[in-house]
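Please look through the structure shown here, and then follow the explanation below, which takes it one region after another.

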Amino acid sequence: MAAASFTDMSLLNELDEDVVIRFPIRPHTFKRGKVRLMSADAFEKALDPGRLSILKLIAFGVSRPPVIRQKLKLPKSTLYKHISVLAKYGWIERGEFGLVFSAPVYLVYEVEDGGPGSLSIRLVNGKGAFVDEKTGFIIINGVRPIPNCIKCPMLRQCTQHVKLLANTFNVTLRSGTPAEAYIEVLTWVTSKNLAKILNSIYLDLSLR
């Protein structure tokens, strides 16, 4: 099983000592009630350090591009290039109050060509992301959990959030730390819960 790499708001202090946002400026930083499936390539677009910084800020309600630019001290052209990429590949959308995440949960798939007339979509257990207005942006990218999870100042908030996620998806948690618990939820969603959902609904695809 792959492990979690947390990208929480406290890490922004490494970028700018003035950026300390512990609680959201406004609610509704994401489109609720959705799980977004994205290709592995689209998922990787968010792993650029500059784009990760933008996503962390959006998760805490800093969603207007001029404010994001001020916080991260990015050139205007660089900021809008990052925003354009994140929007194109399905991470963010424009909402009433600025930029928002397109979903609170992101799952990753890979497409496998099985030959003429055959195509397979494989969900990846070791990659995904969760958004929460209190704990921030948490991304799982197949690396080992941070060893000092129990010493993190966000431990209580992360624990509460992952328990809520587990309740949402009917997962019984057995993990000792939030980092491991997020992986547990992600694995359950991709391997069991999502299969039941996909078998009972339809999907609309947009042809380009």
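Directly after helix H3 comes Lys73, a residue whose phi is positive, near 55 degrees. In this predicted model, helix H3 itself spans residues 65-72, and its buried residues are Pro65, Ile68 and Leu72. When the helix is seen down its axis, these buried residues fall within an arc of 60 degrees, so they line one face of H3. On the other side of H3 the picture is reversed, for Pro66 and Gln70 are exposed there. The cover over the buried residues of H3 includes two helices, H2 (49-59) and H4 (76-88), together with the strands S3 (92-95) and S4 (98-101).

The loop that leads from H2 into H3 contains Ser63, and this serine has a relative accessibility of 3%, which is under the 20% limit, so Ser63 counts as buried. A polar atom of the Ser63 side chain lies 3.2 Å from the backbone oxygen of Phe97.

Another serine can be found in the loop between S4 and strand S5 (105-113), where Ser102 has its place. Because its relative accessibility is 0%, Ser102 counts as buried. Its side chain makes a polar contact, at 3.3 Å, with the side chain of Arg36. Ser102 also illustrates how the fold brings together distant parts of the sequence, since Phe30 is 72 residues apart from it along the chain, while their C-alpha atoms are 5.8 Å apart in space.

The loop between H4 and S3 holds Tyr89, and here the surroundings can be described from both sides. With a relative accessible area of 26%, which lies between the limits of 20% and 50%, Tyr89 is partly exposed. If its neighbours within four places in sequence are left aside, Tyr89 is in contact with Met38, Asp41, Ala42 and Lys45. For one of these residues, Lys45, the C-alpha atom is separated from that of Tyr89 by 7.4 Å, although the two residues are 44 residues apart along the chain.

Some of the residues named so far return in the description of the largest pocket, whose volume is about 1,600 Å³. This pocket is lined by 41 residues, and those that lie nearest its centre are Val35, Arg36, Leu37, Met38 and Tyr109. Arg36 is thus among the residues nearest the centre of the pocket, and its side chain is also the partner of Ser102 in the polar contact described above. Several elements each supply at least two residues of the lining, namely strand S2 (35-39), H4, S5, strand S6 (119-132), helix H5 (155-168) and helix H6 (178-198). The element that gives the most to this lining is S6, with six residues. By residue type, the lining of the pocket divides into 26 nonpolar, seven polar and eight charged residues.

These regions belong to a protein whose secondary structure comes to six helices and seven strands, arranged along the sequence in the pattern β-β-α-α-α-α-β-β-β-β-β-α-α. Of its 208 residues, 46% count as buried. Among the contacts with a separation of 6 or more, 66% are between residues 24 or more positions apart.

Note on methods
Residues are numbered from 1 along each chain as its sequence is written. This is a predicted model: local features need pLDDT of at least 70, side-chain atom pairs count only at pLDDT 80 or more; totals for chains, interfaces and linings use all residues. Side-chain values use heavy atoms; hydrogens and water are left out. Buried means under 20% relative accessible area, exposed over 50%, partly exposed in between (1.4 Å probe, protein chains only). Helices (H or I, at least four residues) and strands (E, at least two) are DSSP runs, numbered from the N terminus. The arc is that of the directions from the helix axis to the C-beta atoms. Contact means heavy atoms within 4.5 Å. A polar contact is a pair of N or O atoms within 3.5 Å; within protein, one must be able to donate a hydrogen and the other to accept it, and residues adjacent in sequence count only if both atoms are side-chain atoms. On a 1 Å grid over the protein atoms alone, a cavity is a set of points where a 1.4 Å probe fits but cannot get out, and a pocket is an open set with protein on both sides within 12 Å along at least five of seven lines; lining residues have an atom within 4 Å of a point. Grid points are joined across faces, edges and corners, and a volume is the space filled by probe spheres set on the points. Ala, Val, Leu, Ile, Met, Phe, Trp, Tyr, Cys and Pro count as nonpolar, Asp, Glu, Lys and Arg as charged, and the others, Gly among them, as polar.
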